[in-house]
Amino acid sequence: MAKMSERVKEIFQKQHDVVLATASKEGIPNVVVVGAKKIIDDETILISDQYFDKTLANMKENPRAAVTVWEKTEGYQIKGMVSIETSGPRFEETMRWIEDLGKKFNVHLKSKGAVILKITDIYTISPGDSAGQKIA
Ligand SMILES: Cc1cc2nc3c(=O)[nH]c(=O)nc-3n(C[C@H](O)[C@H](O)[C@H](O)COP(=O)(O)O)c2cc1C
């Protein structure tokens with residue numbers, strides 16, 4: 001497992017929407033934008049699935065996923081393994097969170113699952129000599 005630094009967590013939290021990449025078992029890539037995301041702990045991210053289609057299909061057949069976050073020219077790739085929870089306390093809490101979020105914007109939002117990303121590697125993507133290097 002790899003731990004997010006305070007700075008990586010700060011950028012993750014500040015960024016309204018982050019980029020989530022998955023791949024099918026044949027290696028066909030897919031990239032989406034997600035806004036319903038939170039940090040569980042230094043090694044774990046939670047993303048709520050409201051609309052995942054190819055993303056969900058990919059995660060079911062290939063648990064490897066990557067999230068990219070950035071602020072100005074400072075960015076990170078957060079890579080890991082996902083599991084999908086559709087019952088239990090974490091899912092129920094996610095359902096309440098998403099329902100409340102919908103109410104705030106006067107739209108109906110429903111979580112279908114809590115995607116738990118256990119972080120295995122973190123790389124910097126900031127332009128410069130260390131771009132692409134593993135930092136955790
Ligand atoms: C700004 C923005 C935020 C989004 N946030 C979420 C989200 O938090 N959860 C979700 O399930 N889909 C979210 N979506 C929808 C996905 O990006 C995407 O449309 C959906 O997963 C279907 O694409 P797929 O077939 O590649 O999975 C968001 C889309 C946009 C444009």
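In what order do the seven strands of the open sheet run? Going across, the order is S2-S1-S5-S6-S7-S4-S3, and the pairing is antiparallel. Bear in mind that this is a predicted model. My notes follow.

1. **Overall layout.** The chain has three helices to go with its seven strands. Read from the N terminus, the elements come as α-β-β-β-β-α-β-β-α-β. It's worth keeping that string beside the sheet order S2-S1-S5-S6-S7-S4-S3 while you look at the picture.

2. **Sheet edges and twist.** For the seven-strand open sheet, the edges are strand S2 (29–34) and strand S3 (37–41), each of which pairs on one side only. From one strand to the next, the twist averages 30°.

3. **The S2-S1-S5 side.** Strand S1 covers residues 18–23, and six bridges tie S1 to S2, the two running antiparallel. If you want a landmark in that pair, look for Ala-23, which stands opposite Pro-29 in S2. S1 is also joined to S5, by four bridges and again antiparallel. A landmark there is Ala-21, with Ala-66 of S5 opposite.

4. **The S5-S6 hairpin.** S5 and S6 run antiparallel and are joined by eight bridges. Glu-71 has Glu-74 in S6 as its bridge partner. The hairpin has two residues between the strands, and Lys-72 takes a positive phi near 50° there. That's a spot I'd look at on screen.

5. **Helices on the sheet.** Helix H1 (residues 6–14) lies across S1, S3, strand S5 (64–71), strand S6 (74–85) and strand S7 (113–124), and runs at about 85° to S5. Helix H2 (residues 54–61) lies across S1, S2, strand S4 (44–49), S5, S6 and S7, running at about 50° to S1.

6. **Ile-11 as a contact point.** Is Ile-11 buried or exposed? Neither, quite: with 19 C-beta neighbours inside 10 Å, Ile-11 counts as partly exposed, because burial takes 20 or more. Ile-11 sits in helix H1. Setting aside neighbours within four places in sequence, Ile-11 is in contact with Val-69, Trp-70, Glu-71, Glu-74 and Tyr-76. Among these partners are Glu-71 and Glu-74, the bridge pair from point 4. As for Trp-70, it is 59 residues from Ile-11 along the chain, yet their C-alpha atoms are separated by 6.4 Å.

7. **The ligand shell.** There are 15 residues around the ligand, the closest being Val-32, Ala-36, Asp-53, Lys-54 and Thr-55. Which element gives the largest share of the shell? That's S2, with four residues. S2, S4 and H2 each supply at least two. By type, the shell divides into six nonpolar, five polar and four charged residues.

8. **Size and packing.** The chain's radius of gyration is 15 Å, which agrees with the value near 14 Å for a compact globule of 136 residues. The C-alpha trace spans about 45 × 35 × 25 Å along its principal axes. Buried residues come to 21% of the 136. Of the contacts between residues at least 6 apart in sequence, 63% join residues at least 24 apart. The Ile-11 and Trp-70 pair, 59 residues apart along the chain, gives you a place to start tracing the longer-range links.

Notes
Residues numbered from 1 in each chain as written. Predicted model: local features only at pLDDT ≥ 70, side-chain atom pairs only at ≥ 80, totals over all residues. Pairing = 2+ DSSP bridges. Axes fitted to C-alpha atoms, helices over the stretch in contact; angles between N-to-C directions. Contact = placed C-beta atoms within 7 Å. Rg over C-alpha atoms; globule rule 2.2 N^0.38 Å. Buried ≥ 20, exposed ≤ 12 C-beta atoms within 10 Å, placed from the backbone. Near = placed C-beta within 6 Å. Nonpolar A, V, L, I, M, F, W, Y, C, P; charged D, E, K, R; others polar.
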